[in-house]
Structure formats: C-alpha cells, structure tokens
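The exercises below are meant for a reader who is meeting this structure for the first time. Try each task with the structure in view before reading its solution.

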Amino acid sequence: MTDTHVARLREAIAGFTVDAVHGVLGDEAWRALARSETVPGLRATADGSSLSTLIRLFQLQAPVPRSAAEAAFGPAWTAAQALGLVTVDGDEARALLDLRPYGDEEHDWWVVCDLTPGLDGRENPRDPLYVLGISEASSSLAQLTVRPQVGRALDLGTGCGVQALHLTGHARDVVATDVNPRAVELAALTAALNGLDVDVRAGSLFEPVADERFDLICTNPPFVVSPPEGDRLVYRETGFPGDEVVRRIVMGADRHLNDEGWCQLLAAWIHEDGVPWQERLAAWIEPTGLDAWVVQRERVDLPEYAEMWLADAGLRHAPGHVERYDRWLSWFAEQGTEAMGFGWITLRKAGRDVPQVRIEEWTAPVAQPVGADFLAWAGRADALASGDLLAHRWRLGTDVLQETAGPVGAEDPALIRVLRTGGLRPSRQVDTIEAGLLSACDGDLTAGQILDALAQILDRDPRELRQVYTPVVAQLVADGFLVD
C-alpha cells in the first residue's frame with residue numbers, strides 16, 4: 001500500500017457515497033440487497049455509468065467488462081489492482097474485496113472488508129480469517145458509544161475499522177487492535193483511504209496496549225459461544241471457553257482506563273442452569289470497582305442460537321448440518337447452559353468507594369442512538385452517589401411526557417404514567433404524589449420542599465412522605481425523569 005495509490009483511489013471514488021448508491025438503486029433494489037438479493041440491483045445498474053459499474057463490482061459482486069472498470073476508476077485503475085480491490089480475468093474485471101460506502105449525517109466514508117457471502121441464496125463456508133464488513137452489530141455499537149471529546153480512544157477488535165472511523169471524530173488519538181492479521185491490514189487500508197490517522201496494531205485483547213490507558217474503549221469482541229471443535233471464524237469466536245472473552249475484557253478494563261474513562265462492549269453471556277445471569281455479571285464487575293450499566297437486550301434459546309450462528313458461517317444447508325446442529329445442543333447441555341443473553345455493557349472509572357452498578361433486562365424498543373443517554377447516565381450516577389437526594393433542586397427531563405387513562409367522564413384519571421421519549425424510553429406508573437413531585441420540579445424548590453408542600457395539601461405526615469418517597473426520587477433520577 002502506497003500513499004500515491006491510496007490518494008488516487010480516494011479521488012476516483014469521491015462520488016461513491018451511500019446517498020449516491022441509494023439514488024441509483026432506488027428503494028426497492030436497496031431493500032432487496034439488504035435481503036441479499038441482487039437481481040433488482042442489476043436491473044437498476046444496467047446503464048453502464050461509472051457509478052453503476054462500481055455498484056456492480058462491490059455491492060452486487062458481479063463481473064463487469066474490463067473497459068467499464070477502467071473507465072470507472074480512471075487514473076486509479078492501477079491503484080485499485082495494486083491495493084487488491086479488483087482483478088482481471090480476460091475481458092472481465094471482478095472484485096476481490098468489498099469497497100463499501102458508509103457514513104452518517106456528517107461523514108462520507110468507505111470501508112474495506114471481505115466480500116459478502118450468501119448473495120442470491122449462495123451459501124459458502126467462510127474462511128477462518130474472514131473480515132466482516134458493516135453489520136447490525138457494528139451499527140449497534142456505534143449507536144451505543146458515548147461521544148464526548150477525549151484524548152485517547154481504543155477500538156479493541158477493530159475488524160475492518162468501523163468503530164475507529166467514528167472515534168476519529170471526537171478523539172485526538174485513536175488506536176485500533178485485532179488478533180486477525182488480515183483485519184489489521186484491511187483496517188489500516190480503511191483508515192488510509194479516508195485520510196484518517198489511526199494507529200492499527202496486531203494482538204489479542206489488551207496485549208497490544210499492555211501499559212497504556214485510554215479515555216474511551218469500545219469493542220465488539222468475538223463473543224460467539226460455540227463447541228470447541230472445528231474451524232473458528234476469528235471475527236466471532238476465540239479459543240477461550242464459553243463467554244470468557246467478555247469476562248476478560250470487563251475485568252481488564254480498569255487497568256487501561258484513565259480517570260473518568262469509559263469502556264463499552266457489545267457482548268453476549270451465558271445463562272447457566274440455576275444461576276441468575278445478573279449474579280454472573282455482577283461477579284465480573286464487582287472486583288473492578290467501576291460504575292457499570294448492563295442492559296440485556298435479548299435472551300435467546302439454544303436451538304435458535306445454534307441455528308443463527310450455523311447459518312452465519314454458511315453451514316445451514318451444508319453436508320452434516322443435522323449432526324453439527326445436534327453437537328451444538330449436546331455441548332450446551334454438557335456445559336449446563338440454558339440460554340444465551342445479548343446486550344450492552346458500559347463501564348466508567350468514576351473512582352467511587354461504592355460504585356454505582358445497574359444490571360437490568362430491557363427488551364423494549366429504544367430511541368437510537370442511545371449513546372447520549374449513557375453519557376447522561378454518568379451525571380445521574382454522580383448525583384445518586386452525592387448524598388441527600390431530597391436536598392437537591394431537580395428539574396424535569398426535557399423528554400418526559402405524561403399519559404393518563406380512566407373511565408369516560410371521570411373527574412380524575414384512574415392511571416397516570418410518565419415516559420421518556422429518548423434513550424431507553426423508560427416508563428413507569430405513578431401515583432398523584434409522584435405526578436405532583438415531577439410537575440413541580442423546575443429547579444426552584446428542593447425535592448424535600450416539594451414533598452413537604454404536597455404533605456400539607458394532602459394532610460399527610462411530611463416525615464412519613466419523605467421516608468416513603470426518597471427511594472422513589474432515587475429511581476426517578478436513575479431513569480432520567482429528574483435531571484440536574
């Protein structure tokens with residue numbers, strides 16, 4: 001890889017963006033491609049234009065005339081071959097790697113990864129060193145990650161480099177690591193093609209950054225739990241037993257975080273027979289001394305889990321599928337595994353004697369991106385640890401709504417519910433005192449003063465009201481209904 005080759009390629013594909021590709025394909029072909037069907041896309045790209053040629057080469061993985069490929073790349077044609085993106089076979093050119101437009105509201109990026117398997121129903125087993133491209137998991141982690149301005153950030157297990165791209169937008173220095181040497185190569189090409197300075201290193205887990213600390217660590221580690229025999233796909237599986245890779249990251253994060261630093265994981269964990277999953281994860285977190293917010297987004301039964309990952313490996317209809325499927329279930333039974341959990345783990349080095357730890361299941365829809373809510377959680381955790389919650393002048397969160405329900409014509413509602421429209425979108429049923437407390441929280445009076453006023457209005461004992469509603473105030477703060 002030379003700077004000249006990269007610069008020429010970057011110039012040649014400047015118009016190869018997400019919006020441009022969507023504009024050529026149209027909604028129907030775009031949705032079909034998301035289902036791994038290329039026929040509508042091929043029909044939409046039959047005009048022979050340079051943009052259509054690039055879409056055919058990379059998104060649709062179809063051979064194109066060599067002359068069309070040369071015209072599409074222009075002066076970068078030699079660079080595209082030298083960088084290993086395309087090859088020539090007679091009068092045809094075809095892609096060797098996937099060059100994929102990727103971006104958000106502020107950025108147009110490109111990601112270099114291995115070609116997507118499974119298009120048009122083709123199922124081929126993946127190479128063990130396969131480098132995955134943009135996936136639902138990588139998008140989920142990007143939406144989960146907090147985005148304060150930081151000094152140093154680490155993308156642990158970078159793959160093709162998606163998270164590193166996002167980190168360059170708010171971190172002065174970005175380090176990206178991966179145990180897969182092919183991923184290191186492609187992540188470096190992804191960064192260079194986007195003109196970004198990312199320090200890409202080879203190695204397992206924290207080994208490449210053994211004595212270093214960061215303000216933010218994000219990782220989508222290879223968390224798939226599978227039987228030990230057979231070839232492993234490096235992007236999703238390790239040689240560690242069970243969910244050990246997640247445990248090691250959680251327990252090792254503290255040593256690599258600066259004060260007030262963050263570590264965020266997209267992760268999976270085992271549900272052991274007879275052991276609450278919350279207790280297993282709490283046992284990992286407690287020795288670290290870190291604040292933690294763990295959210296289980298999904299509990300998956302073992303047959304569904306085995307089917308999902310066998311299909312992901314291209315083995316769903318391969319010879320020996322039934323025997324392989326049965327072995328997965330037998331192995332889970334031998335290990336005492338009853339289900340698998342998927343979710344988010346957020347850790348923060350707050351330096352408390354008593355860390356704030358929250359472990360919960362939340363399967364309801366959320367308002368993406370949720371990173372802003374996790375960033376706000378740091379302030380809520382600080383407030384909860386600060387002391388007397390009733391002495392604080394709280395304000396109602398800006399995204400809080402109230403719903404009421406009751407018999408038609410009734411003077412008072414039978415049910416009052418408050419909900420947040422942002423973040424995890426929590427909701428809770430409240431009584432008239434809680435509703436009155438929330439409505440009066442405008443930063444003027446303390447929570448204790450509001451409760452005293454409500455006690456006087458309702459002819460209640462103010463000391464009793466303070467005692468009963470102190471834990472309620474704590475929960476309202478924890479869920480973001482009340483803010484600083």
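Asp373 is buried, with a relative accessible area of 7%, in a model that is predicted. This residue returns in the first exercise.

**Exercise 1.** Find the residue with which Asp373 meets in a salt bridge, decide whether that partner is buried or exposed, and state which parts of the chain the pair ties together.

*Solution.* Begin with the side chain of Asp373, which meets the side chain of Arg420 in a salt bridge, with 3.0 Å from N to O. Next, place the two residues: Asp373 belongs to helix α14, whereas Arg420 belongs to strand β16 (residues 415–420), so the salt bridge ties together parts that lie 47 residues apart in sequence. Finally, compare the accessibility of Arg420 with the cut-off, under which a residue is buried if its relative accessible area is under 20%; Arg420 has 7% and therefore counts as buried.

**Exercise 2.** Determine which residue forms a salt bridge with Asp382, where the two partners lie, and which network they belong to.

*Solution.* The partner of Asp382 is Arg352, and the closest N and O atoms of this salt bridge are 2.5 Å apart. Asp382 sits in helix α14 (residues 371–385) and Arg352 in the loop between β12 (337–348) and β13 (357–361), so this pair ties together parts separated by 30 residues in sequence. As for accessibility, Asp382 is partly exposed at 34%, while Arg352 is buried at 18%. The last step is to follow shared partners, since salt bridges of this kind join Asp382 and Arg352 with Glu260, Asp291 and Arg348 into one network.

**Exercise 3.** Work out how many salt bridges a search of the whole structure finds, and locate the one between Glu212 and Arg152.

*Solution.* The search finds 30 salt bridges. In the pair named in the task, the side chains of Glu212 and Arg152 meet at 2.8 Å, N to O. Because Glu212 is in the loop between β8 (199–202) and β9 (214–219) and Arg152 is in strand β6 (residues 150–156), the pair ties together parts 60 residues apart in sequence.

**Exercise 4.** Establish the order of the strands in the open sheet that contains β1, β2 and β3, and say which helix lies across them.

*Solution.* The three strands follow the order β1-β3-β2, with antiparallel pairing. The edges are β1 (64–65) and β2 (86–89), each of which pairs on one side only. Between β2 and β3 (residues 92–95) there are four bridges, and Val88 stands opposite Ala93 in β3. To complete the picture, add helix α4 (residues 50–59), which lies across β1, β2 and β3 and runs at about 55 degrees to β3.

How values were computed
Residues numbered from 1 in each chain as written. Predicted model: local features only at pLDDT ≥ 70, side-chain atom pairs only at ≥ 80, totals over all residues. Heavy atoms only, no water. Pairing = 2+ DSSP bridges. Contact = heavy atoms within 4.5 Å. Axes fitted to C-alpha atoms, helices over the stretch in contact; angles between N-to-C directions. Salt bridge = Lys/Arg side-chain N within 4 Å of Asp/Glu carboxyl O. Buried < 20%, exposed > 50% of the residue type's maximum accessible area, 1.4 Å probe, protein only.
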